[in-house]
Structure formats: C-alpha cells, structure tokens
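Visitor: I'd like a close look at one part of this model, with some of its surroundings thrown in. Here is what I have on screen.

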Amino acid sequence: MTQKDLNQIITETLAIEAEDAKKAGTLGYMARALVQATLPHKATPENEFTRDNGLFSLTILAPSKVGLPYGSIPRLLLSWMTTEAVYTRSPVLELGPTLSAFMAQLGLARQGGKRGDITRLKKQTESLFCSTISCQYKNDTMTTGGGFNIARDYLLWWNPKSPDQMPLWKSTVTLGADFFKEIISRPVPVDMRALKLLKRSPMSLDIYFWLTYRMSYLQKDTVIPWQLLQMQFGADYAQDAHGLRNFRMKFLERLKKVHTIYKAAKVFEMEQGLLLKPSPPHVAKVPPPLLDAPRRKAATETADDVLAKHLLGEEMDVGSIRLRMDTYEKARLVAPRLDIYGLEQDWRNWIAQKGEMPKNPDQAYLGFLRAKAKQHN
C-alpha cells in the first residue's frame with residue numbers, strides 16, 4: 001500500500017467515523033451465506049469452486065461457457081443486490097437507467113478495453129447471475145444443507161461501447177426465490193463507503209464482511225487458527241507450510257487496511273492464529289430504515305409474504321411492465337423536481353393495489369406523474 005493510498009483511506013475513514021452509515025444514507029447489506037464462505041479471488045479454469053469455514057462449506061457452480069464469478073466486482077454486485085432487496089422488499093431489481101449510472105452506484109470507473117471496469121462488469125454480472133450456490137453444514141452427528149440460484153432470470157440492455165446511452169428497455173434481474181428469502185431474512189449490515197474504499201482487493205472485502213459479521217455475535221475471546229482462515233480466505237494458496245506462510249502474510253496486509261477503516265475491531269496476530277476479542281460490529285444490527293427515497297419502503301412484509309405475491313402473480317405482472325426510455329425523458333419534463341424512478345415504483349404499487357393493468361402503461365405512468373407534480377406544486 002502506498003502512502004497516497006493510506007492517506008486517502010485515513011481521510012475517508014474519518015468521514016465514516018464522523019457520521020454513521022444510517023444517518024449518511026450509506027447503510028448497505030451483504031448476504032450472510034456469502035460472508036461465511038466466499039467467492040474465488042482470481043480466475044479459475046474450473047466451473048466449480050468450494051470454500052470452507054470450519055464445519056460450513058459453500059460451493060458455487062457456473063456453466064463452463066460463462067465461467068465462475070471472481071474478484072471484487074461480484075462482491076460489490078452481491079452487496080448491491082442484497083441492499084436493494086432489503087430496502088425495496090422485491091426480488092425484481094432494476095440495474096440503473098444506463099450502464100454508466102449502474103457503474104456509479106458500484107463505485108466503478110467508466111473504462112473500456114479488455115481490462116476496463118465496463119468489460120469486467122458485464123462479464124462478472126453474467127457469471128454471477130448464471131451461478132448456483134449450495135451450502136452444507138456437517139458435524140459428527142448431523143448434516144444439513146441447501147442450494148439456491150442467484151437469479152431466476154435477468155435482462156441486460158447494456159452496450160459497453162455506449163455506456164451513457166439510455167436503452168429502449170430497463171435492465172433487470174429477478175432474484176431466485178430461496179436466495180431472495182435468505183438475503184432479506186438475515187442480511188449482514190455494512191457501510192457502503194467502506195466497500196468503495198476496499199474494492200481493489202477481494203480479500204479485503206471478504207475480511208471486512210466476515211469481521212463485522214463475526215463481531216456481531218462474538219461473546220468471548222476466540223482464536224481462529226491460521227489453517228482455518230486459509231480454508232476460508234486463501235483457497236488460492238498452496239496447502240503446505242510455504243503456502244500457509246504466504247497466505248498469513250497477505251491476510252495480515254489486507255487486515256491492516258480493513259482495520260484502518262474498522263478501528264473498533266479488536267483483532268490481534270498470534271503465532272497460532274488470529275485473536276478476536278468482543279467488539280462492536282462496524283454497523284449496528286438494526287431493522288432496515290425507511291429512507292427518504294420513495295422507491296424504498298419499510299420492511300413490513302416477511303420474505304414469504306413477498307414471494308407469495310410474486311408467485312401468485314399479484315406483483316409479477318406489474319413488474320413485467322416495460323416502459324420505453326423516451327417515456328423517462330418525457331417524465332423529466334413533466335416532473336423535473338421529483339424522483340421519477342421512485343415515483344415509478346409508487347405507480348407500480350398503486351396498479352398492483354387496483355388489480356388492473358393499464359392499456360397504455362407509458363401514458364398511465366406520465367398521467368400519474370402529472371398528478372404528483374400538481375400536488376407537489
């Protein structure tokens with residue numbers, strides 16, 4: 001880490017400490033299952049990957065034609081999806097009006113080329129959405145497990161050559177039912193600003209997710225052996241003394257960066273492992289807040305309630321409405337001072353309550369906006 005990088009982290013860390021995530025509007029979430037065991041850090045030729053955490057094991061499988069998701073981008077995507085699902089209470093997520101807008105939400109740069117963020121985001125998004133995850137917990141007397149698809153279906157209208165261009169239709173992903181239920185039932189709260197500071201290192205992100213989750217329930221001093229930490233975070237390292245030594249050195253380097261951001265974490269290096277002492281999580285475990293953005297609503301329904309509505313078609317038909325992109329341009333003229341995307345969600349909820357699909361959705365949406373703009377004025 002260069003002195004410049006360290007100075008930037010310290011400067012932004014002070015801002016994080018000065019204002020908690022909830023007040024700053026940067027409270028996010030991460031899927032619990034993917035905190036306990038993580039995705040690959042680097043590209044791998046196989047299409048199956050397993051990560052262990054003690055008695056817990058996670059396996060991710062992707063079509064060989066697409067390949068496994070790896071690196072920082074799938075982790076940022078997973079946190080974004082979890083956060084959106086927790087706030088909107090919907091398995092249908094909209095991935096921004098344009099590719100550039102969505103990249104800005106993830107804190108990625110608009111760089112093209114083979115190694116640019118645009119190319120990597122498109123590739124990693126497809127890999128993640130095609131992935132299937134299975135989890136298993138096994139001890140001497142019991143074995144239990146389950147599996148889920150990340151996405152049930154997805155539609156990406158992204159042109160990497162024109163990232164600012166507004167496509168004809170919105171890009172969306174509908175989360176798999178079991179994955180959706182898992183992430184909104186037991187999400188791990190995180191600070192989205194911390195993720196943007198750590199985004200260059202997938203191991204740093206993994207350590208941050210794991211550490212704040214572990215501290216949320218740690219009751220006594222605990223030593224995690226280096227061998228177990230390597231199983232969880234260092235599957236890319238050789239399973240021998242030399243590999244363990246290299247992993248330990250890299251882990252401590254990344255931990256130092258995480259600790260710069262999450263200073264309340266009481267962690268200490270020991271010869272036999274990492275000593276954890278009870279500490280406050282980086283973000284307190286609180287119910288999802290009702291933020292100002294109209295598209296976000298309080299968590300008044302359970303995961304089963306939400307899924308039941310979608311499976312019965314009460315909201316699925318509404319979610320299938322595709323507004324034309326020129327409708328959004330007209331919407332900005334009709335309601336220049338309002339959050340047109342937030343009001344779109346209110347409009348869809350209103351239609352669902354009425355139980356009647358509009359004959360001309362574009363005109364109906366604009367009419368709804370005109371009424372709201374009139375009330376606002």
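What residue follows H4, and is its phi positive or negative?

Guide: Before anything else, keep in mind that this is a predicted model. The residue right after H4 is Arg-89, and its phi is positive, near 55°.

Now back up into the helix itself. H4 covers residues 72-88 and has 17 residues. From its first C-alpha to its last it reaches 24 Å, close to the 24 Å expected at 1.5 Å a residue. As for its surroundings, H4 is mostly covered: 17 of its 17 residues are buried.

One of the residues in H4 is Arg-75, and its side chain has a charged partner. Arg-75 makes a salt bridge with Asp-206, with 2.7 Å between the closest N and O atoms. Asp-206 sits in helix H9 (residues 202-215), so the contact ties together distant parts of the chain, 131 residues apart. Both ends are covered too: Arg-75 is buried, and Asp-206 is buried as well.

That pair belongs to a total of nine salt bridges found in the whole structure. For a contrast in setting, try helix H6 (residues 117-129), which holds Lys-122 and Glu-126. These two form a salt bridge whose closest N and O atoms are 2.9 Å apart. They are separated by about one helical turn because they lie four residues apart in H6. Here the partners are not buried: Lys-122 is partly exposed at a relative accessible area of 30%, and Glu-126 is partly exposed at 27%.

Helix H11 (residues 241-261) has a pair of its own, Lys-250 and Glu-253, placed three residues apart, about one turn of the helix. Their side chains meet in a salt bridge at 3.9 Å, N to O. That still makes the list because the cut-off is 4 Å. Lys-250 is partly exposed, with a relative accessible area of 26%, and Glu-253 also counts as partly exposed, at 37%. If you'd rather follow a network than a pair, look at Arg-248, Glu-269 and Glu-271, which are linked by salt bridges.

From there, the sheet is a good next stop. Glu-269 falls within strand S11 (266-269), which is an edge strand of an open sheet, as is strand S10 (222-225). The sheet has three strands in the order S10-S12-S11, with antiparallel pairing. Each of the two edge strands pairs on one side only, and the twist from one strand to the next averages 25°. Between S10 and strand S12 (residues 273-277), the antiparallel pairing runs over four bridges. To pick out a bridge on screen, find Val-223 and go across to its partner in S12, Leu-275.

Last, something without charges. Leu-55, Tyr-137 and Met-142 make a nonpolar surface patch of about 260 Å². Tyr-137 comes from strand S5 (residues 132-138), and it counts as partly exposed at 33% relative accessibility. That value lets Tyr-137 qualify for the patch, because patch residues need over 30% relative accessible area.

So, to return to your starting point: Arg-89, with its positive phi, follows H4, a helix in which 17 of 17 residues are buried and from which Arg-75 reaches Asp-206 in a salt bridge.

Terms used: Residues are numbered from 1 along each chain as its sequence is written. This is a predicted model: local features need pLDDT of at least 70, side-chain atom pairs count only at pLDDT 80 or more; totals for chains, interfaces and linings use all residues. Side-chain values use heavy atoms; hydrogens and water are left out. Buried means under 20% relative accessible area, exposed over 50%, partly exposed in between (1.4 Å probe, protein chains only). Patches are made of residues with over 30% relative accessible area and no salt bridge: like charges are joined within 9 Å, nonpolar side chains (Val, Leu, Ile, Met, Phe, Trp, Tyr) within 5 Å. Accessible areas come from the Shrake-Rupley method with a 1.4 Å probe; for residues, only the protein chains shown count as cover. The expected span of a helix is 1.5 Å times one less than its number of residues. Two strands pair if DSSP finds at least two bridges between them. Axes are lines fitted to C-alpha atoms, for helices over the stretch in contact, and angles run from 0 to 180 degrees between N-to-C directions.
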